[in-house]
Amino acid sequence: MRLVSFFLLTSVSLGLTKPLVHDVAAKELPTWEIRSVSSDNSTAVPASNTASSTLQDCLAAKNVPVYFIASPGFSQLAQPYNLRLAYTPAVIVVPTLASQVSDAILCAAASNVKVQAKSGGHSYASFSSGGKDGSMVINLQAYQDIVVDPQEYYAAKVGAGVRLGDMALSLYNQSQRALPHGTCPGVGVGGHATHGGYGYTSRAWGLTLDHVMGADVVLANGSFIHVSAMEYPDIYYALRGAADSIGIIIYFYFSTKPAPSSVVNWSYTIPGMYDSAAKSAAVFKKIQDFALNPSIVDRKLAFG
Ligand SMILES: Cc1cc2nc3c(=O)[nH]c(=O)nc-3n(C[C@H](O)[C@H](O)[C@H](O)COP(=O)(O)OP(=O)(O)OC[C@H]3O[C@@H](n4cnc5c(N)ncnc54)[C@H](O)[C@@H]3O)c2cc1C
């Protein structure tokens, strides 16, 4: 049996928004406690997974807030969403300042350590754990700001550690605005907005990624820049689909949509859909034909 969910938007406006004019300087949060390195770097962990003394010294010299393997809280921070792909980072950085991200990247580069951003941590392949042991994970959990600017066509500045559920609630509560995105509230905006972001409103509004107007990003050379269609357009383009290979985004700037005044959510159970491959294929074909029939379906109707 398969439950097919439907979602109908009403009062949808498809008007385009003007690019946001904004302050490039990211709002910085108070500096967090700097976790010290324990004297015991755990014999249970292979030496190749631990941070070298050069890397530790570099991070300490620049006051970058970090958790090493032996630090209290490391295991909790290192836990992946997919427990079958559990990698052990050499160090987890928990920045509150863009300069700390920059310093951390430069220290990692000097020690030839892979750097990986982590937002909501929902990568099925555990990419945000580095995708292998011994990486530097930059955990963006401190970046939780969500600010909608009514003076700038309701553009939203969103910290790269924000989860989708918090973002949806905050956009609505601040200005009755919305974005297209997936349905799991715990997914992070960092991975979602850089790799796609498909949800109930995507037939009408597109992907989350389509609404990224700009970003504040730290690049591999440690520089901190703002990118948009006008500023560093090649990097702006590359971030939307390949951010992991380009830089660490600290803030996103989104064009938002007026939230629908109401939605209708319903579901229909298709009995015996999985009885055979042929029946499943026939059901999918029927749904596909239905979805493509403009005389009965428009983009306000979604399937999930
Ligand atoms: C339960 C569940 C439900 C899901 N539902 C949907 C859905 O309805 N629709 C949909 O489209 N997708 C869905 N997904 C997929 C999800 O959108 C992706 O896995 C997404 O990449 C997760 O984002 P994250 O920030 O939580 O993950 P993370 O693991 O933190 O990051 C994923 C990748 O993005 C990179 N990244 C994260 N933040 C940044 C940053 N600030 N700068 C640069 N790179 C960064 C990481 O390095 C990593 O490679 C779902 C996933 C799960 C586990």
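**Exercise 1. What pLDDT does the chain average, and what share of the residues score at least 70?**

Solution. This is a predicted model. Start with the whole chain: its average pLDDT is 86. Next, the share: 84% of the residues score at least 70. Then look at residues 10–43, where the pLDDT is below 50. That stretch still has 58 contacts in the model beyond near neighbours in sequence. Low pLDDT means that predicted coordinates should not be read in detail.

**Exercise 2. Describe the shell around the ligand and place it relative to the domains.**

Solution. Step one: find the residues that come nearest. Of 32 residues around the ligand, these are Gly120, Gly182, Gly188, Gly190 and Gly191. Step two: assign elements. Two or more shell residues come from each of β4 (115–118), α5 (189–195) and β11 (247–254). The largest share, five residues, belongs to α5. Step three: sort by class. The shell holds 18 polar, twelve nonpolar and two charged residues. Step four: bring in the domains. Domain 1 (11–23 + 143–258) and domain 2 (53–139) both contribute to the shell, so the ligand lies between them.

**Exercise 3. Which residues touch the most other members of the largest nonpolar core?**

Solution. The core has 62 residues. Val91, Val93, Ala104, Met136, Ile138 and Phe252 touch the most other members. By element, β11 gives the most, with seven residues. By domain, at least three residues come from each of domain 1 and domain 2.

Now take Ile138 and set aside neighbours within four places in sequence. Its contacts are Val93, Pro95, Val101, Ala104, Val115, Ala117, Lys118 and Ile248.

How values were computed. Residues are numbered from 1 along each chain as its sequence is written. This is a predicted model: local features need pLDDT of at least 70, side-chain atom pairs count only at pLDDT 80 or more; totals for chains, interfaces and linings use all residues. A residue is near a molecule or strand if its C-beta atom, placed from the backbone, lies within 6 Å of it. Helices (H or I, at least four residues) and strands (E, at least two) are DSSP runs, numbered from the N terminus. Ala, Val, Leu, Ile, Met, Phe, Trp, Tyr, Cys and Pro count as nonpolar, Asp, Glu, Lys and Arg as charged, and the others, Gly among them, as polar. Domain bounds come from an automatic or database domain assignment. A nonpolar core is a set of buried Ala, Val, Leu, Ile, Met, Phe, Trp, Tyr and Cys residues joined through C-beta atoms within 7 Å. A residue is buried if 20 or more other C-beta atoms lie within 10 Å of its own, exposed if 12 or fewer, and partly exposed in between; C-beta atoms are placed from the backbone. Two residues are in contact if their C-beta atoms, placed from the backbone, lie within 7 Å. pLDDT is the predictor's confidence in each residue, from 0 to 100.
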